[in-house]
Structures are given as C-alpha cells and as structure tokens.
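Here are my notes after a pass through this one, in no particular order of priority. Have the model open while you read.

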Amino acid sequence: METTALLTTSIPGYPKHSGKVRDIYTVGDNLLIIATDRISAYDVVFPNGIPDKGRVLTQLSLFWFKRFEELTAHHVISSSLKDLPKEFRRDELDGRVMLCKKCRPIPLECVVRGYLAGSGWREYTKTQSVCGIVLPSGLKESAKLPAPIFTPATKAQSGHDENITPERAIELVGKDVFTEIQKRSIDLYTAAADYAAERGIIIADTKFEWGYDSDGKIILIDEVLTPDSSRFWPAKDYKPGKKQPSFDKQFVRDYLDKIKFNRRPPAPMLPKEIVQKTRQKYIQAYTMLTGQSFPWA
C-alpha cells in the first residue's frame, strides 16, 4: 500500500498549470490532467495529502465517463501511460492520468441537488429557496427533494464559487446553452443516483462541468461524480434532520469545524488518523460504486 501522498509533479519541457488538486500539462494539441493527492477544503490546500486520493478521483471519473458514453460525449482520449510521451511514463503517475481534448469551458459550475445539504440547506433556512428556486416549506436538513434541482454557480478563479439564480446563469451563457446543460446535468445525475442507490450509496448532490470541443459541440469535461465533486452518503445510515455520514471530504470539513479552523491559509497539517480515515472513505466509495477492488489498496 502506498503510504506517501503525491503532492506535485514536475515534467520538464511541457507547459504546466496547477489547480488546487491537479496538475495540467499541455501535450501537443491536448491536455494531460494528473490528479495529485493534494486535498483542499474551504478553498484552502493542506500541506499533507491523502495517499491514493488522485487515483480514486481519476478512476471513478473514468468509470462514469464510460458508463455515460451513450448519454454524452466527453473529453477523455486515453488514460494509459503507454499513450503518453516517455517523460510521463512513471510509476507514480499510474492510475492518475487522463489525456483529454482541449475544450473551451462553459463558465458555470453545474450543480444538481437531490437532497437539501450544505450551502443549499443554509440558503433554504433563510429564504425557503435555493438559487432562486422556491422549495416546499418544512423540509429538514438532508431531506430528499421532490425532484432534483439545477443550481448553478459561478466558477471563481479564487475564493468560493457563488451560487446564482437561473436568470443570472442565462445572462452568462445564453438561454439555449443554459437549457441544454441544465437538462443534460439533471439527466446524468438521475442516471447516476439510480445506479448508486442499487449499490447502497445516496448521491445527495454533485457538480458537472461542460465545455465546447473544437467543433463547437458541448461535451462533458473535468471530473465526474467523485468524492471531491459530490456528496456520497451511505444509504443504510440515512436519516433526515441532521448532517449525514459520508464517503467524501465532508469528513475533513467536519474535523476542521471541530478544531475551529478559520478557513484561511496557512492550513494546518491533517492528523494521521484523519488522513487514514479519509483515504479509507474515498476507496470505499470507489469499491461500492464500481463493484471492483481498488488496484492500489
């Protein structure tokens, strides 16, 4: 079992951009996305990572991309080291790479909520609505919604993404594009939630990203239905009216709330037991959803 986290990569000769948890290289006309083991919470990156986290994100994304192929085109070209320049054929990158088409991202976080949690719950307690969508009165925290709702957010370059109304989203991307990505996001969420329910997992909410390929076609990009972009709850423990146990990084957020982290850098080191438990939760999500053992466990 890998005991150390891969926190960064350095491949000379290729332009690199680093996000919170991924390193992205330009390789010819394509992009190579490498998922590191960095972990962020409250938009702060922590000094120690979660071993194998990047592999879980990559392998789960690949699982969903393949499962959704009849529903939508996507940006993945290959996930094999053999298809990469020799400089990238390194053991530590095995399982972490996605060679992808370059796309022009649509500037919206396409959030679909099937349950009332997180920022949606906080907004509901103040306005009985989420992103301008009025909901029934009397709903409890973590309640299942009458139907999934599409609650877009702006893609912030730094700081927190901001929930916006459908009207504001239409101003940003146009009515036709908004209507298309709204329907496609809800369709994907519904298909995934139905599948996950059979595996004992509730997908409370998730975030999709879409982009235009070189032909101007809207395709699915980024990561898909991972513990970083979704709330995964164990169905057997579900009980509305409170926060739910989860298979995602909510476990880390709960620890940070407990120690009263001020949500500003520099971030503290995560204790060994928090790191180990988080790794276990990510891998458990992978095994339950895919029905396969995790190759790097």
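1. A term before we start: a cavity here is a set of grid points where a 1.4 Å probe fits but cannot get out, and a residue counts as lining if it has an atom within 4 Å of a point. Bear in mind too that this is a predicted model.

2. With that in hand, how many cavities of 30 Å³ or more does a search of the whole structure find? The search turns up 1. The largest cavity holds about 60 Å³ of space, and its lining is made up of R22, I33, A35, L57, T58, S61, R96, M98 and E223. Strand 3 (30-35) and helix 1 (53-67) are the elements that give two or more residues to that lining. Helix 1 gives the most, with 3 residues. By class, the lining of the largest cavity splits into 4 nonpolar, 2 polar and 3 charged residues, so have a look at how R22, R96 and E223 sit around it.3. Next, the second largest pocket, with a volume of about 240 Å³. Of the 16 residues lining this pocket, Y115, K144, Y189, A193 and D194 are the closest to its centre. Strand 9 (108-115), strand 12 (144-150), helix 4 and strand 15 each supply at least two residues of the lining. Its classes come out as 12 nonpolar, 2 polar and 2 charged.

4. Is S185 buried or exposed? S185, which lies in helix 4 (residues 175-198), has a relative accessible area of 0% and counts as buried because that value is under the 20% cut-off. Its side chain reaches the backbone oxygen of I181 at 2.7 Å. Leaving aside neighbours within four places in sequence, S185 is in contact with C110, V112, F150, F208 and W210.

5. Please also look at the hairpin of strand 15 and strand 16. Strand 15 (residues 201-212) pairs with strand 16 in the antiparallel sense over 4 bridges, and G211 stands opposite I219 in strand 16. There are 5 residues between the two strands, and in this hairpin G216 takes a positive phi near 80°.

6. Staying with strand 16 (residues 218-221), which of its faces are covered? Both are: I218 and L220 are buried on one side, and I219 and I221 are buried on the other. The general pattern behind this is that side chains in a regular strand alternate between the two faces of the sheet.

7. L93 deserves a look even though it sits outside the regular elements: its place is in the loop between strand 6 (76-78) and strand 7 (97-101). With a relative accessible area of 1%, L93 is buried. Not counting residues up to four places away in sequence, L93 touches L6, T9, I34, L81 and F88. Its partner L81 is 12 residues away along the chain, and the C-alpha atoms of L93 and L81 are separated by 8.0 Å.

8. Last, helix 5 (residues 250-258). Its buried residues are Q250, V252, R253, Y255 and L256. What do these buried residues pack against? They pack against strand 4 (40-41), strand 17 (230-234) and helix 6 (272-290). Just after helix 5, K260 takes a positive phi of about 60°.

Note on methods. Residues numbered from 1 in each chain as written. Predicted model: local features only at pLDDT ≥ 70, side-chain atom pairs only at ≥ 80, totals over all residues. Heavy atoms only, no water. Buried < 20%, exposed > 50% of the residue type's maximum accessible area, 1.4 Å probe, protein only. Pairing = 2+ DSSP bridges. Polar contact = N/O pair within 3.5 Å; in protein donor to acceptor, adjacent residues only side chain to side chain. Contact = heavy atoms within 4.5 Å. 1 Å grid on protein atoms, 1.4 Å probe; cavity = no way out; pocket = protein on both sides within 12 Å on 5 of 7 lines; lining within 4 Å. Points joined across faces, edges and corners; volume = space filled by probe spheres on them.
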